[in-house]
Amino acid sequence: MNILFVVNNLRVGGAGRVVARLATQMQSMDHNVAILITANDEVLYPLPSDVKVYNLHMVDEKETKLSVLRIINRAKKIKKICLERAIDVVYSFLPEINIYSIIAGFHRNWTTIISERNDPNIDPPYKRVRLMRKLLYPLCDGVVFQTEGAKAYFSKKIQEKGILIFNPVSTDIPEPITGQREKVFVAAGRLNLQKNYAMMLKAFASFCETDDEYCLHIYGEGEERSNIEGLIRDLNLRERVILKGQSYNLLDEIKTASCYLLSSDYEGMSNSLIEAMALGLPIISTDHPIGGARALIINGKNGYLVPVNDYSAMAEQMRYVTENLDDVIEKAQMNISLRKKLSVAEIANQWLDFAKTSAKQK
């Protein structure tokens, strides 16, 4: 099968990470895989040398909105690559890119599968993109959702074309540790408003009022770094919180931690959360819409859910975890089974099977 993935970049973000893993797995299964990225970015996620990566360049770099010219130019590029490579399936990620991919596939033989990767109630924020999504999504051949909450946002016609597929666990995830844990909370993700690190820091500051041993390590970079640094100073946490920056060996760095934190206001399905669970780390996460954490965590059984933006609830849960760490770690071990359930091979087969089913229904 000739396959084309279309995504924004292969440098940062969950969508690019998932695409790199799926492309690598499908290429190893004797499919002919290519990737088109819509930004002229460097490729940092590892890929086999025989996976061709195309960069999509805009004709007019001044175009910043979803104009007719931008849509036509990008759809034409996707169409050209599909024709040159005799593509059978296009897998498209993220709303604006999905619009280009659907238009490129009008009256063509290939199957167009699009995917929502975030909360559709919030993302995309632009009215023009949301309107075009509403008009064009019914014309695709299939839609991959990550949660029932995301699927429920859309019309019945789109839901009928949909399937739920979780994100895959990395093939090189380290083995779970069995020894003593470091007295460290860890978090990972882009430093932006969506992740609500302010709530996490306030929770940790509250936790520190009754604890003088634990630290917090936050991995990632982003536009909110300076604001986060300022809040760390304001909360007198400079000795207890470390911004670790971008890590290319994240799982090895966090595997000995006592607990993983996720404070997002909204999410699709967090790759970092899945892999922290697969490491056997205790988990505290906000119960954010559209249910990405709730799809993985049974509160009090294999992890802990707290209300969005409720730092007091997170602080209370942090105290519970540290005071009952042995029991919490034992419960977290059930999450190690995600390595098999969400293996890259298993998830890739779900994507491939869905494309075949969608093609038959065209």
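**View 1. Two cysteines, Cys-82 and Cys-140, without a disulfide between them.** A disulfide is taken here as a pair of cysteine sulfur atoms within 2.5 Å. The model is a predicted one, in which local features need pLDDT of at least 70 and side-chain atom pairs count only at pLDDT 80 or more, whereas totals for chains, interfaces and linings use all residues. Residues are numbered from 1 along each chain as its sequence is written, and side-chain values rest on heavy atoms, with hydrogens and water left out. Under the disulfide rule the count comes to zero. The sulfur of Cys-82 has its closest cysteine sulfur in Cys-140, 15 Å away, which is too far for a bond. Cys-82 counts as buried because its relative accessibility is 1%, and Cys-140 counts as buried because its value is 3%; buried means under 20% relative accessible area, exposed over 50%, and partly exposed in between, with a 1.4 Å probe and protein chains only.

**View 2. The open sheet of seven strands, with helices α1 and α14.** Helices (H or I, at least four residues) and strands (E, at least two) are DSSP runs, numbered from the N terminus, and two strands pair if DSSP finds at least two bridges between them. The seven strands follow the order β3-β2-β1-β4-β5-β6-β7, with parallel pairing. The edge strands, each pairing on one side only, are β3 (52–55) and β7 (162–164), and the twist from one strand to the next averages 20°. Within the sheet, β1 (residues 2–7) and β4 (residues 89–93) are joined in the parallel sense over four bridges, and Leu-4 has Val-90 of β4 as its bridge partner. Helix α1 packs on this sheet, touching β1, β2 (32–37) and β4, and its direction makes about 170° with that of β1. Helix α14 (residues 344–360) lies across β1, β4, β5 (111–115), β6 (142–145) and β7, running at about 130° to β5. For these packing descriptions, contact means heavy atoms within 4.5 Å, while axes are lines fitted to C-alpha atoms, for helices over the stretch in contact, with angles from 0 to 180 degrees between N-to-C directions.

**View 3. The largest nonpolar core, seen around Tyr-91.** A nonpolar core is a set of buried Ala, Val, Leu, Ile, Met, Phe, Trp, Tyr and Cys residues joined through side-chain atoms within 4.5 Å. The largest such core has 88 residues, and those with the most contacts inside it are Leu-4, Phe-5, Met-26, Tyr-91, Phe-93, Tyr-260 and Trp-351. Helix α1 (residues 14–28) gives the most to this core, with seven residues. Leaving aside residues up to four places away in sequence, Tyr-91 touches Ile-3, Leu-4, Phe-5, Val-6, Met-26, Ile-113, Trp-351, Leu-352 and Ala-355. Apart from this core lies another, of 34 residues, among them Tyr-197, Cys-259, Ile-284 and Tyr-304.

**View 4. The open sheet of six strands, with helix α11 across it.** The strands of this sheet follow the order β10-β9-β8-β11-β12-β13, and the pairing is parallel. At its edges stand β10 (241–245) and β13 (304–306), each with a single partner strand, so one side of each is left without a neighbour in the sheet. Neighbouring strands are turned by 20° against each other on average, direction ignored. Strand β12 (residues 283–286) pairs with β13 in the parallel sense over three bridges, and in β13 the bridge partner of Ile-284 is Tyr-304. Helix α11 (residues 311–323) lies across β8 (184–188), β11 (259–262), β12 and β13, and runs at about 160° to β13.

**View 5. Strand β8, covered on both faces.** Five of the five residues of β8 are buried, so the strand is largely enclosed by the rest of the structure. In a regular strand the side chains alternate between the two faces of the sheet. In β8, Val-184, Val-186 and Ala-188 lie on one side, Phe-185 and Ala-187 lie on the other, and all are buried. Five bridges join β8 to the parallel strand β9 (residues 215–219), where the bridge partner of Phe-185 is Leu-216.

**View 6. Helix α7, mostly covered.** Helix α7 (residues 197–208) has 12 residues and reaches 16 Å from its first C-alpha to its last, close to the 16 Å expected at 1.5 Å a residue, the expected span being 1.5 Å times one less than the number of residues. Of its 12 residues, 10 are buried, including Tyr-197, Met-200, Phe-204 and Phe-207.
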